[in-house]
Every structure is written in C-alpha cells, then in structure tokens.
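Subject: Structure for your review

Dear colleague,

Please find below the structure that I agreed to hand over to you. My account of what was found in it follows directly after.

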Amino acid sequence: MSRSLSASTRQEKRLSAYLEALGQAAGHADRIEPFKSYCKGLLLPGDRKSVEPLAARLAPDNVRRMHQSLHHLVADAPWMDEDLLARVRSGVLPAMQKQGRVVAWVVDDTGFPKKGKHSVGVARQYCGQVGKQENCQVAVSLSIATWKASLPIAYRLYLPEDWTNDPGRLKATKVPTEIQFQTKPQIALDQIRQAVASEVPPGVVLADAGYGVNGPFRAGLT
C-alpha cells in the first residue's frame, strides 16, 4: 500500500509541475490557477467538457465563481495556443527522443460532432469520428512521431467558406476579421513551414489521400 501511495504522490507532483509550466503560456500570473483548473477538469471523468459542467465537478460548493474563472480563461483572456503547444513540445519531445529519434511528421484532420450551429467553424461536413457527413467542427493537426510515441505540435480549426464569407458570424464568435479561407492542405503546409522554422527534428511527412492528391500541397512539401 505504501508503495502505491508513494507512486501516486510522485505522479501528482509530476502533473502539478507540468501544468505549472504550461500555465506560464497563459500570459499572466492571474490565469495560471484557472488554467490548471481547466486542465484538471478536462482530465476528470464526464462526457461533457464545456465550462459549466467542468465548474460543477471542480468546485461543487462554489460553481458560479469557478464558472466565471474558467469562462474568462477560455472565452476572453488573450493567450496564444501556439505558445502553449510550444511549451508542451519543449517538455515532452526530449523525453520522447530518449526512446528514439523522430521518424515522421503526421498530417491529419479530426472531426468533433456538434449538435448546435454556434460553435466556431461548425458545419455539415465529413466527420471521421462517425465516418460520414455530419454537423461538426474539423481541426487540422501536425504531429511528430518516433517509433514508440507521437506528439501533436500544431492544431488549427478549419473554417469553411460559409464562415469566412460571413462577417457577422465571425464577429459574433470573435473570430478575427483578417482570417481568410484556407483549405485543409493549405493549413497543413503553414503548420509544416512553422515547424521547419522552429527547427523541429525532421521526419518523413505522412498524410492520407485527401492531402496526397493535392498538387500544391505536394509541391509545397518539395
């Protein structure tokens, strides 16, 4: 039992230190604790991961205050997800490389089924989770992989043209007006260029046929 408790304590300390380091990407000291709470909420059991149910699980005796704190972090606070992902990479990649070198960069897109119409980028489009056209959001990602592990290093939400051509919709959801329509291969190329500029260890680029049949994507890789 004592060994089990000791291992659990070490894991808790490691997680706390990891979240503390990531919290620095929130951009302001007042956001670190809400950031850590939000991450813990995402890790807790429960199907719904929006702010309200997370607040209820994290602080059942003070749901309103926790809800306000999490909502400000997610909806209003000006922090950059690129900075956060860079901090994740700086902490995780060295541990991965102890098990072997980077061998591949993996381009992929992931669909998130949605019931409503107000989430940014939501539209009826192909959703890999359900294997058919569905109301969903889609994110393009770039991951690096060794033979034993992989790590996402870039995520970008795909905005269909119905969204980028609707200034009112963009304003209502606080999407910057300078955002222009990009195809998924164009988004992936931007992510790859940024990874090259950041001197991420190189690997063979892997992608499915949706990217492979795209001539400008192949030319951009070259």
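The count of salt bridges in this predicted model comes to five. Side chains of opposite charge can pair when their charged atoms come close. Three of the individual pairs are described here, together with a network.

One salt bridge is formed by Lys-36 and Glu-33, whose closest N and O atoms are 3.4 Å apart. Both residues belong to helix 2, which covers residues 32–43, and because they are three residues apart there, about one helical turn separates them. An α-helix has 3.6 residues a turn, so residues three or four places apart point the same way. Lys-36 is buried, at 9% relative accessible area, whereas Glu-33 is partly exposed, at 48%. Glu-33 and Lys-36 are also linked with Glu-20 in a network of salt bridges.

A second pair consists of Asp-190 and Arg-193, which meet in a salt bridge at 3.6 Å, N to O. They too are three residues apart, about one turn, and the helix in this case is helix 8. Asp-190 is partly exposed, with a relative accessible area of 29%, and Arg-193 is likewise partly exposed, with 47%.

What does the salt bridge between Lys-174 and Asp-76 tie together? The closest N and O atoms of Lys-174 and Asp-76 are 3.0 Å apart. Lys-174 lies in the loop between helix 7 (167–172) and helix 8 (184–197), while Asp-76 lies in helix 4 (residues 63–76), so the pair ties together parts that are 98 residues apart in sequence. Lys-174 is exposed, with a relative accessible area of 60%, and Asp-76 is partly exposed, with 40%.

Helix 4 deserves a description of its own. At 1.5 Å a residue, its 14 residues should span 20 Å, and its end C-alpha atoms are 19 Å apart, which agrees. Where do the buried residues of helix 4 sit around the axis? These residues are Met-66, Leu-70 and Leu-73. They cover an arc of only 60° around the axis, which means that they are on the same side of helix 4. The buried residues of helix 4 pack against helix 2 and helix 3 (51–58). On the other side of helix 4, Arg-64 and Arg-65 are exposed.

I turn next to the strands. Strand 2 (residues 123–127) and strand 3 (residues 132–145) run antiparallel and are joined by five bridges. Arg-124, for example, has Asn-135 in strand 3 as its bridge partner. The two strands form a hairpin with four residues between them, and in this hairpin Gly-131 takes a positive phi near 75°.

Gln-125 is also found in strand 2. Is this residue, Gln-125, buried or exposed? Gln-125 counts as buried, because its relative accessibility is 9% and the cut-off for buried is under 20%. Leaving aside neighbours within four places in sequence, the contacts of Gln-125 include Lys-132, Gln-133 and Glu-134, as well as Tyr-158 and Pro-160.

Another residue to look at is Pro-201, which is found in the loop between helix 8 and strand 5. Pro-201 is partly exposed, with a relative accessible area of 22%. Its C-alpha atom and that of Pro-94 are separated by 11 Å, although the two residues are 107 residues apart along the chain. Apart from neighbours within four places in sequence, Pro-201 is in contact with Leu-93, Gln-97, Val-102 and Trp-105.

Finally, here is the chain as a whole. The protein chain has ten helices and five strands. Its C-alpha atoms fill a box of roughly 60 × 45 × 35 Å, taken along the principal axes. Of the 222 residues in the protein chain, 32% are buried. Among contacts with a separation of 6 or more, 57% are accounted for by residues 24 or more positions apart.

The confidence values complete the account. The mean pLDDT of the protein chain is 90, and 98% of its residues reach 70 or more. Among the elements, helix 1 (residues 2–23) has the lowest mean pLDDT, 79, and strand 5 (residues 204–206) has the highest, 97.

Yours sincerely

How values were computed
Residues are numbered from 1 along each chain as its sequence is written. This is a predicted model: local features need pLDDT of at least 70, side-chain atom pairs count only at pLDDT 80 or more; totals for chains, interfaces and linings use all residues. Side-chain values use heavy atoms; hydrogens and water are left out. A salt bridge is a side-chain nitrogen of Lys or Arg within 4 Å of a carboxyl oxygen of Asp or Glu. Buried means under 20% relative accessible area, exposed over 50%, partly exposed in between (1.4 Å probe, protein chains only). Two strands pair if DSSP finds at least two bridges between them. The expected span of a helix is 1.5 Å times one less than its number of residues. The arc is that of the directions from the helix axis to the C-beta atoms. Contact means heavy atoms within 4.5 Å. pLDDT is the predictor's confidence in each residue, from 0 to 100.
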